[in-house]
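Work through the exercises below with the model open. Each task is followed by a solution in steps.

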Amino acid sequence: MPQYEIERKFILTRKPVELLTGVPGEEIRQGYLLLEADRELRIRQRAGQCSMTLKSGQGLKRQEQECAISQAQFEMLWPLTAGRRVEKVRYALRWQGYDLEIDLFTGALAPLMVLEVEFATVAAAMDFVPPEFAGRDLTADKAYKNAALASHGLPLEMESADE
């Protein structure tokens, strides 16, 4: 039976230090084994756990299938993701009844900061009013998908903003 992820994504205008104080961040390494127009297969290492995830579709609601893999399987597959990787620190917190995930990208993708929020329904996603530190809605912007960031780097608008 298909499982779906309903998620909105926003660029952060600033790091919300007031919310992150005392919240432990988790380092995430993820790499992509398959990147097609409408489908991606990734492996991820997070908090000592490894997984493989197949995502299909575009935009707000995407099909997602995930399974656990061993550390040995992750290490065997990791070299196959060279040139298609993302590293970030994720902060998970509760805010006004919502579970927020704030990703602070590291390496070549720094200083990118993104907010992701998952929802039970499309209607709930559309009703969400983001916090004041959230900027432009990136949900439909393919350049800010993790898979695109992993293979193409920062979007040109971000690169020129840093200069």
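**Exercise 1.** State how much area the chain exposes and what share carbon and sulfur atoms supply.

Solution. The chain exposes about 8,700 Å², an area from the Shrake-Rupley method with a 1.4 Å probe. Carbon and sulfur atoms supply 55% of this area. The model is predicted: local features need pLDDT of at least 70, side-chain atom pairs count only at pLDDT 80 or more, and totals for chains, interfaces and linings use all residues. Residues are numbered from 1 along each chain as its sequence is written, and side-chain values use heavy atoms, with hydrogens and water left out.

**Exercise 2.** Determine what fraction of the residues is buried.

Solution. Buried means under 20% relative accessible area (1.4 Å probe, protein chains only). By that cut-off, 43% of the 163 residues of the chain count as buried.

**Exercise 3.** Identify the residues of the largest nonpolar core that touch the most other members, and the elements behind this core.

Solution. A nonpolar core is a set of buried Ala, Val, Leu, Ile, Met, Phe, Trp, Tyr and Cys residues joined through side-chain atoms within 4.5 Å. The largest one has 20 residues, of which Tyr91, Leu93, Leu100, Ile102, Leu115 and Phe128 touch the most other members. Two or more residues each come from strands S1 (4-12), S6 (85-95), S7 (98-105) and S8 (113-119); strands are DSSP runs of E, at least two residues, numbered from the N terminus. A second, separate core has 13 residues, including Val86, Leu109, Ala147 and Leu149.

**Exercise 4.** List contacts of Tyr91 beyond four places in sequence.

Solution. With contact meaning heavy atoms within 4.5 Å, the partners of Tyr91 include Leu20, Val23, Pro24 and Gly25. Leu100, Glu101, Ile102 and Leu104 are also in contact with Tyr91.

Technical notes: Buried < 20%, exposed > 50% of the residue type's maximum accessible area, 1.4 Å probe, protein only. Helix = DSSP H or I, 4+ residues; strand = E, 2+ residues; numbered from the N terminus.
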